[in-house]
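Got your viewer open? Let's walk through this one stop at a time, selecting as we go.

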Amino acid sequence: MTHFTANKMELNLIKVYDSTLLSSSKVYQINGTLSRYLGDEGSIQHPQYVFLPLPNQRKKASFRLNRNKLMTK
């Protein structure tokens, strides 16, 4: 998973390896879809992280990633 920052039409992608660094004020690119982090659900042993695609993205519905998929996407 990469964090997306735009400065003057320039893309800066920074990989995120720690789930504690997720922020709802940042935009993340996951499998080519720009998404915003909504929060986490599930239990402490099996957390799930919820993302919502930004408008005008091909994917429309929110989706969840578990810890393993979060680190690989």
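**Start with the whole chain**

Colour everything by confidence: the mean pLDDT of the chain is 83, and 85% of its residues reach 70 or more, pLDDT being the predictor's confidence in each residue, from 0 to 100. This is a predicted model, where local features need pLDDT of at least 70 and side-chain atom pairs count only at pLDDT 80 or more, while totals for chains, interfaces and linings use all residues. To match your selections, number residues from 1 along each chain as its sequence is written, and note that side-chain values use heavy atoms, with hydrogens and water left out.

Where is confidence lowest, and where is it highest? Strand β1 (residues 2-7) has the lowest, at a mean of 53, and β5 the highest, at 93. Where pLDDT is low, the predicted coordinates should not be read in detail.

Now switch to cartoon view. You have one helix and six strands, running β-β-β-β-β-β-α from the N terminus on. Helices (H or I, at least four residues) and strands (E, at least two) are DSSP runs, numbered from the N terminus. Of the 73 residues, 34% count as buried; buried means under 20% relative accessible area, exposed over 50%, and partly exposed in between (1.4 Å probe, protein chains only).

**Next stop: the β3 and β4 hairpin**

Select residues 27-30 and 33-42, which are β3 and β4. These strands pair in the antiparallel sense over four bridges; to count as paired, two strands need at least two bridges found between them by DSSP. Show tyrosine 28 as sticks and look across to serine 35, its bridge partner in β4.

Then go to the turn. The hairpin has two residues between the strands, and asparagine 31 takes a positive phi near 55° there, although asparagine 31 is not a glycine. Is asparagine 31 buried or exposed? Asparagine 31 counts as exposed because its relative accessibility is 58%.

Step along to threonine 33, in strand β4. Threonine 33 counts as buried, at 11% relative accessibility. Which residues does threonine 33 touch, leaving aside those up to four places away in sequence? They are Tyr28, Pro53, Gln57 and Lys59, where contact means heavy atoms within 4.5 Å.

**Another asparagine to try**

Select asparagine 56, in the loop between β5 (47-53) and β6 (63-66). Asparagine 56 also has a positive phi, about 65°, without being a glycine. Asparagine 56 is exposed, with a relative accessible area of 75%.

**Last stop: the rings**

Show the aromatic side chains. Rings of Phe, Tyr and Trp (its six-membered ring) pair if their centres lie within 6.5 Å; planes under 30 degrees apart count as stacked, over 60 as edge-to-face and the rest as tilted. By this rule there are three aromatic pairs. One of them is phenylalanine 51 with phenylalanine 63, stacked at 5.8 Å centre to centre with 20° between the planes. Phenylalanine 51 lies in strand β5 and phenylalanine 63 in strand β6, so the pair ties together parts that are twelve residues apart in sequence. Phenylalanine 51 is buried at 0% relative accessibility, and phenylalanine 63 is buried at 12%.

Add Tyr28 and Tyr37 to your selection: ring pairs link Tyr28, Tyr37, Phe51 and Phe63 into a cluster.

Finally, add lysine 59, which lies over the face of phenylalanine 63, at 4.4 Å from the ring centre. A charge sits over a ring if NZ of Lys or CZ of Arg is within 6 Å of the ring centre and within 35 degrees of the ring normal.
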